[in-house]
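Welcome! Have a look at the sequence and the structure below, then work through the exercises at your own pace.

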Amino acid sequence: MARDLFQKCREYSDTAAARAQGFYPFYRCIQQSYGNHVVCDGEEKIMIGSNNYLGLAQDPRVVEAACEATRKFGAGCTGSRLLNGTISLHNELEEALADFLRREAVILFSTGFFANQGALSALTEAEDVILCDKENHASIIEGCQVAPAKLIPFRHNSAESLGNRLKRVPAESGRLVIVDGVFSMSGDVSDLPELARVSREHDAVLYVDEAHSLGVMGPEGRGVVHHFGLNDEVDIVMGTFSKSLGSMGGFIAGSGEMIEFLKHKARCLIFTASPAPAVVGGVLKALEIMRAEPERIGQLWRNTRKMHEVFRQIGFKIGSTQTPIVPILIGSEAKAMAFSQRLFEEGVFATPAIYPAVRYGEAIVRTSFMASHTDEDLDRVLDIFAKIAKELGTFDDPAYTEPGRRRNVFDFNLPDSCGTEAIRGASGAVARNGSGLHAAVSR
């Protein structure tokens, strides 16, 4: 008898328990959005769970540009870029991004997920290797797993670990090193100067995902690559429009030859409908505003420094973040779920990250802050966090009182050159984020 493919669906009960206890925190419906405020169930909440870092998603100029593009080109392109789906706005945005990032060429993808998957699968062959930071974003991990190259993880933000892995790669193999510019869960900044140095020493191509650093770091918000002055040292830059640029989609930037190759070989590009006119028109305007109004980035960092400082004063552990991504350590999975629910009830929208997204017993509430948050917003958030921490006994959790005795459970594995290594396994090493070199936020 054939195996029942739906048996696992009938047996799935993970979310039912949370719903039964009244604190299922995902798929909350937003009925209206004001950027830093949203309306859910008819009630206004302060949004601190969004990646809308510069507050551009609801900027009236961006919205009008999206509407104008829709009026001119319609709701969708109804085809792939390769065939009938290229409109003039696509070309304009690619040229604008290439100029902004000081790159020869850019190619757009319908999502950032597709950008990573398309580039990694098209550029590597079976005899090549991809060296992947253990805390890279899931879209990078997925892209690595579908690529034909062999996947080798290295310890988070460790140039030493990367170098040791590269030494063991066969001399004839192509090698590609891929890292996040800013790591999406911890807020760590990539130690790019050291990683670039090691990559050069071993003739490795260096690929940087700027999803959470574009519009946040570097001159005019060009990202971590420009923050460190390493544009000539990095071969491939990937970015998304779903964070600072307030929309959706992604891109790959690099040499003209590479982009021409991807235009005809990246399956995620040539077999997917092209980005909608509204998306591209809105992103073009958002990019223009970001470059013309640098004060937005300045305000983002003022808000970021305030939240880092006061969260620590209250007693929260926020890890080694240097960016507007601020992970608030809660501890137990149940407490993190309850904490998020209480935040919601008190008028704050944020979501937890629990195992397997983080280590077991180290659940967090992942927060991120925007240029559009006012001091009143931020003070209100801090007061509510302090109140709920006291109410739920957050600082009595073993994550705070006995951190060395927490259980370590791995979330997922990647094949290693000599077996299997857990991605978030306890390596005994303190996470490095380049803070001793170029701290983005003064402590």
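Here are four exercises, each with a worked solution.

Before you start, note that this is a predicted model, in which local features need pLDDT of at least 70 and side-chain atom pairs count only at pLDDT 80 or more, while totals for chains, interfaces and linings use all residues. Residues are numbered from 1 along each chain as its sequence is written, and side-chain values use heavy atoms, with hydrogens and water left out.

**Exercise 1.** Work out how many disulfides there are.

Solution. Start with the rule: a disulfide is a pair of cysteine sulfur atoms within 2.5 Å. Next, take Cys67: its closest cysteine sulfur belongs to Cys77 and is 16 Å away, too far for a bond. Cys77 is likewise in no disulfide. The count is zero disulfides. As a last step, look at exposure, where buried means under 20% relative accessible area, exposed over 50% and partly exposed in between (1.4 Å probe, protein chains only). Cys67 is partly exposed at 33%, whereas Cys77 is buried at 10%.

**Exercise 2.** Describe the surroundings of Lys285.

Solution. First, place the residue: Lys285 belongs to helix H12, residues 277–292 (helices, H or I, of at least four residues, and strands, E, of at least two, are DSSP runs numbered from the N terminus). Second, check its exposure: with a relative accessible area of 24%, Lys285 is partly exposed. Third, list the contacts (heavy atoms within 4.5 Å): leaving aside neighbours within four places in sequence, Lys285 touches Arg61, Val62 and Ala65. Finally, compare positions along the chain: Leu245 is 40 residues from Lys285, and their C-alpha atoms are 8.9 Å apart.

**Exercise 3.** Find the order of the strands in the open sheet of four strands, and say which stand at the edges.

Solution. Strands pair if DSSP finds at least two bridges between them. The order is E1-E2-E3-E12, with mixed pairing. Strand E1 (32–33) and strand E12 (348–349) are at the edges; each has a single partner strand, so one side of each is left without a neighbour in the sheet.

**Exercise 4.** Say how strand E3 is joined to E12.

Solution. Begin with E3, which covers residues 43–47 and runs parallel to E12, with two bridges joining them. Then pick out one pair of residues: Met47 lies opposite Phe349 in E12.
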